[in-house]
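Reader: Could you walk me through this one and tell me how each label is earned? I would like to see the value beside the rule.

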Amino acid sequence: MINSALVVVDMLYDFIDGSLACQNADNAVKETLRFIEAHTENNDGGGVEILDMFPVLFIRDHHPADHCSFASEGGIWPSHCVAGTHGGDIHEQLQPYVVEELTFYKGCDKTCEQYSGFEGKNNAGQSLAEVLELLDIQDVYVCGIATEYCVRNTCEDLLKAGFKVNLLEKAIAWVDYEGHRKALAEMNEEGIVLK
Ligand code: VGL
Ligand code: ZN
């Protein structure tokens, strides 16, 4: 698959089995691995350049301990994905595919909520959109957690930026089932392709 990439949103322990554990998270991790393994067979070939590979980009919710979205600070969420804690780590089965330059951190500033992966930056200060453009990506596959929040916001920003967006329906997890169904139907209406 040339010119396509996968964006994995917030597959972090607090959203899988931690303080904000989401429904279908274990399945979503399994399905994500299946998809990655089917598309990255060439990634470890000797001398293969990054542009010949199927890039896998990771988004990480990455909060300070006093983030404004936390209930202790008047927000709506339990404390989660605090920088430097296990809850903020990417699931270990996905670790072999993590490339630091393709990892984007969001929610790092305690004063703002950032649901979209578009608001994140890698450790070189680049945004997801910038890196996708540098890699000449047109088609983006998206999976992750949670459907109604970070997955949806990331998909919608990708669509607005002109990418073709394919959402891997089996590889997502949700806070609330009805909210998940409604978000999927609305995203589909907007032009996000459910795969
Ligand atoms: C998310 C709630 C709070 C998400 C992040 O990744 O969907 N949800 N922070
Ligand atoms: Zn968060």
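Reader: Which residues are linked in a network of salt bridges?

Author: Arg152, Glu156, Lys182, Glu186 and Glu190 are. Before we go on: this is a predicted model, where local features need pLDDT of at least 70, side-chain atom pairs count only at pLDDT 80 or more, and totals for chains, interfaces and linings use all residues. Residues are numbered from 1 along each chain as its sequence is written, chains are lettered from A and ligands numbered from 1 in the order in which they are written, and side-chain values use heavy atoms, with hydrogens and water left out.

Reader: What makes Arg152 and Glu186 a salt bridge?

Author: The rule asks for a side-chain nitrogen of Lys or Arg within 4 Å of a carboxyl oxygen of Asp or Glu. For Arg152 and Glu186 the N to O distance is 2.9 Å, so the pair qualifies. This pair links distant parts of the chain, with Arg152 in helix 4 and Glu186 in helix 5 (residues 177–190), 34 residues apart. Helices here are DSSP runs of H or I with at least four residues, strands are runs of E with at least two, and both are numbered from the N terminus. Arg152 also meets Glu156 in a salt bridge at 2.8 Å, and Glu186 forms one with Lys182 at 3.2 Å.

Reader: Why does Arg152 count as buried?

Author: Buried means under 20% relative accessible area, exposed means over 50%, and partly exposed lies in between (1.4 Å probe, protein chains only). Arg152 has 17%, so it counts as buried. Glu156, at 18%, is buried too. Glu186 has 29% and is therefore partly exposed, while Lys182, at 53%, is exposed.

Reader: Now the metal: which residues are the protein donors of the zinc ion (ligand 2)?

Author: They are Asp61 (OD), His63 (NE2) and His80 (NE2), lying 2.0 to 2.2 Å from the ion. Donors are N, O and S atoms within 2.8 Å of the metal (3.2 Å for Na, K and Ca); water is not among the atoms, so sites may look incomplete.

Reader: Why is the arrangement around the zinc ion called irregular?

Author: Four donors are tetrahedral if all angles lie between 85 and 135 degrees; four are square planar and six octahedral if opposite donors are over 155 degrees apart and all others between 65 and 115; anything else is irregular. The 4 donor atoms here subtend angles of 86 to 169°, which makes the arrangement irregular.
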